[in-house]
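Please examine the structure shown below, with its sequence beside it. The paragraphs that follow consider a pocket and then a helix.

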Amino acid sequence: MQGPNLNILGRRRPEVYGHTTMKQINDMVRARAEELSCELLIFQSNQEGVLVDYIHRYMGECDGVLINPGALTHYGLSLREALEAVEAPVVEVHLSNIHAREEWRRTSVISPVTLGQVVGFGPRGYVAALDLLLSYIAEQRPAGNG
Ligand code: DQA
């Protein structure tokens, strides 16, 4: 899942976020998911409530969530509570290293309900985060269950 303003990646502050578009990132993640036989749903919204509705729609059906919440990272409490309610592992991704930027970016209200964060590695962070999420899910599964 991708939050606000990530749909304009490539054009948005390329000195910080690079030139890769959201479509290119989605294609990279999709290719990795296919390699690992993982069913993947991709979704972006600029609105918190729309992201919350999407999470509700797939609650109980998805095994994990990979999300770059954009600026909602820093204040999106209803997004946090939706992710908490899912009861599936969540990995938070950021293209930039939010801890090395402005003070207000260093706090994530999302992190406390995640397994962890992958920050500062640009687009390849999404692929790494998918690998981490899938290996965590595989480890949690009872033996003999795929
Ligand atoms: C971001 C970091 C956020 O602080 C910012 O609001 C974004 C992008 C990142 O990927 O580095 O929209 O999540």
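Four elements each supply at least two residues of the lining of the largest pocket: helix H2 (22-35), helix H3 (48-58), strand S1 (65-67) and helix H5 (124-140). The model in which these elements appear is a predicted one. Among the contributors to the lining, H5 gives the largest share, with six residues.

In total, 31 residues line this pocket, and the space within the pocket amounts to about 750 Å³. Nearest to the centre of the pocket lie Glu-39, Leu-40, Leu-41, Cys-62 and Gly-64. What is the chemical character of the lining, nonpolar, polar or charged? Of the lining residues, 23 are nonpolar, while four are polar and four are charged.

Helix H3, one of the elements that supply the lining, may now be considered by itself. Which residues of H3 are buried? They are Glu-48, Leu-51, Val-52, Tyr-54, Ile-55 and Tyr-58. When H3 is viewed down its axis, these buried residues fall within an arc of 160°, and therefore they line one face of the helix. A general property of helices helps the reader to follow this pattern: an α-helix has 3.6 residues a turn, so residues three or four places apart point the same way.

The face of H3 turned away from the buried side carries Asp-53 and Arg-57, which are exposed. On the buried side, helix H4 (77-86) is included in what covers the buried residues of H3. Just after H3, the chain reaches Gly-60, which takes a positive phi of about 85°.

How values were computed
Residues are numbered from 1 along each chain as its sequence is written. This is a predicted model: local features need pLDDT of at least 70, side-chain atom pairs count only at pLDDT 80 or more; totals for chains, interfaces and linings use all residues. Side-chain values use heavy atoms; hydrogens and water are left out. On a 1 Å grid over the protein atoms alone, a cavity is a set of points where a 1.4 Å probe fits but cannot get out, and a pocket is an open set with protein on both sides within 12 Å along at least five of seven lines; lining residues have an atom within 4 Å of a point. Grid points are joined across faces, edges and corners, and a volume is the space filled by probe spheres set on the points. Ala, Val, Leu, Ile, Met, Phe, Trp, Tyr, Cys and Pro count as nonpolar, Asp, Glu, Lys and Arg as charged, and the others, Gly among them, as polar. Buried means under 20% relative accessible area, exposed over 50%, partly exposed in between (1.4 Å probe, protein chains only). The arc is that of the directions from the helix axis to the C-beta atoms. Contact means heavy atoms within 4.5 Å.
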